[in-house]
Amino acid sequence: MSTPGQDAPRRPRPHVEVIGLPGAGKTTLLDRLAARGTGDGLSIGRPPDPSRLATALAKARLRTRLALRHRDPAWLAVRDAGTRWLLAKYAFRAAAFARRSGRTPLLLADAGFLEPLVTRATYHGAMDAGHQRALLEYVPRPTAVVHVHCDTDVAFDRFVTRERDLRRLPAGMSLDTLRHNFDVARAVCDELDRWARTEGIDLLEIDATDTPTDSELDRLLSEVLTSTR
């Protein structure tokens with residue numbers, strides 16, 4: 001499958017995308033899953049750290065490819081800050097993903113292709129539906145999608161207590177707007193669930209409103225490993 005800026009490898013490393021609201025507990029869940037799955041080679045993908053110049057070049061290349069493929073010159077002059085941010089994420093992650101080799105399963109959340117759509121909704125609100133569909137065409141096909149469910153109010157309350165996340169909010173954003181965006185982000189998660197089912201991708205789910213038990217983690221780990229074989 002083609003990815004932004006570079007063709008995917010012939011035998012891509014099997015990977016699982018992890019999605020959920022900010023504050024749902026994805027990072028904690030990933031760490032616990034990776035610790036339990038080390039004997040099977042399960043590991044967490046970390047976001048690449050590109051240079052500023054390379055970011056600009058990769059983002060421009062992706063804009064051009066989208067414009068040509070969809071015959072829509074508007075991609076060449078995307079003004080929406082959230083979409084520009086997303087283009088850069090996709091461009092670099094595709095290149096980083098293409099360089100990964102091996103057959104051991106890789107868990108991707110913040111370093112993946114689906115979770116940035118949720119993050120973009122949280123910080124910038126609703127995205128143009130056509131843009132989202134176009135970007136999903138470039139997602140390297142995961143073997144499974146893990147949806148970490150969490151009550152929206154619980155996730156929001158966790159989020160607003162984390163200073164590092166609040167510092168990333170656009171200047172002037174009110175907490176009321178942020179809470180509305182959490183509802184938008186939940187709708188994006190639901191849309192990604194439907195996308196996974198439509199594409200025939202395993203959809204695995206776990207509720208992290210309360211801390212998942214060891215037995216729940218073992219069940220999820222078994223499902224993740226089964227999907228990657």
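Q: A salt bridge is a side-chain nitrogen of Lys or Arg within 4 Å of a carboxyl oxygen of Asp or Glu. In this predicted model, what makes Arg 179 and Asp 153 such a pair?
A: The closest N and O atoms of Arg 179 and Asp 153 are 2.8 Å apart. The limit is 4 Å, so the contact qualifies as a salt bridge.

Q: Which parts of the chain does the pair Arg 179 and Asp 153 link?
A: The pair links distant parts of the chain. Arg 179 belongs to helix 8 (residues 175-198), Asp 153 belongs to helix 6 (residues 152-159), and 26 residues separate them.

Q: Why is Arg 179 called partly exposed?
A: The relative accessible area of Arg 179 is 22%. Buried means under 20% and exposed means over 50%, so a value in between is called partly exposed. Asp 153, with 42%, is partly exposed for that reason too, because its value also lies between these two limits.

Q: How do we know that Arg 168 and Asp 165 form a salt bridge?
A: Their closest N and O atoms lie 3.6 Å apart. This distance is within 4 Å, and therefore the pair is counted.

Q: Is Asp 165 buried or exposed, and what decides the matter?
A: Asp 165 has a relative accessibility of 4%. The cut-off for buried is under 20%, so Asp 165 is classed as buried.

Q: What makes Glu 223 and Arg 219 a salt bridge, and where do they lie?
A: The N to O distance between the two side chains is 3.1 Å, and the pair therefore satisfies the limit of 4 Å. Both residues lie in helix 9 (residues 214-227), four residues apart, which is about one turn of the helix. Salt bridges that share partners also join Arg 32, Arg 36, Asp 214 and Asp 218 into one network. In the whole structure, a search finds 11 salt bridges.

Q: How are Glu 223 and Arg 219 classed by accessibility, and why?
A: Glu 223 has a relative accessible area of 29%, and Arg 219 has a relative accessibility of 34%. Each value falls between 20% and 50%, so both residues are partly exposed.

Q: What is the charge of the surface patch that contains Asp 207, and why?
A: The patch gathers Asp 151, Asp 157, Asp 207, Asp 210 and Glu 216. Asp and Glu count as negative, so the patch is one of negative charge.

Q: Why can Asp 207 belong to a patch?
A: Residues of a patch must have over 30% relative accessible area and no salt bridge. Asp 207 has a relative accessibility of 47% and therefore passes the area limit, although it counts as partly exposed. Asp 207 is found in strand 7 (residues 202-207).

Q: Which strands form the open sheet, and what makes two of them edge strands?
A: Five strands form the sheet in the order 4-5-3-6-7, with parallel pairing. Strand 4 (43-44) and strand 7 are called edge strands, each pairing on one side only.

Q: How do we know that strand 4 and strand 5 pair?
A: Two bridges join strand 4 to strand 5 (residues 106-108). At least two bridges are required, so the strands count as paired. Ser 43 stands opposite Leu 106 in strand 5.

Q: What makes strand 3 a paired neighbour of strand 5 and of strand 6?
A: Strand 3 has three bridges with strand 5 and four with strand 6 (residues 144-149). Both counts reach the required two, and therefore both pairs are accepted. Among the facing residues, Val 16 stands opposite Leu 107 in strand 5, while Val 18 has Val 146 as its bridge partner in strand 6 and Ile 19 stands opposite His 147.

Q: Why is strand 3 described as mostly covered, and which way do its residues point?
A: Five of the five residues of strand 3 are buried. In a regular strand the side chains alternate between the two faces of the sheet. Here His 15, Glu 17 and Ile 19 point one way, and Val 16 and Val 18 point the other way.

Q: What makes strand 6 largely enclosed, and how many bridges join it to strand 7?
A: Five of the six residues of strand 6 are buried, so the rest of the structure largely encloses this strand. Six bridges join strand 6 to strand 7, and the two run parallel. The bridge partner of Val 148 in strand 7 is Ile 206.

Methods
Residues are numbered from 1 along each chain as its sequence is written. This is a predicted model: local features need pLDDT of at least 70, side-chain atom pairs count only at pLDDT 80 or more; totals for chains, interfaces and linings use all residues. Side-chain values use heavy atoms; hydrogens and water are left out. Patches are made of residues with over 30% relative accessible area and no salt bridge: like charges are joined within 9 Å, nonpolar side chains (Val, Leu, Ile, Met, Phe, Trp, Tyr) within 5 Å. Accessible areas come from the Shrake-Rupley method with a 1.4 Å probe; for residues, only the protein chains shown count as cover. The place of a charge is taken as NZ of Lys, CZ of Arg, CG of Asp or CD of Glu. Buried means under 20% relative accessible area, exposed over 50%, partly exposed in between (1.4 Å probe, protein chains only).
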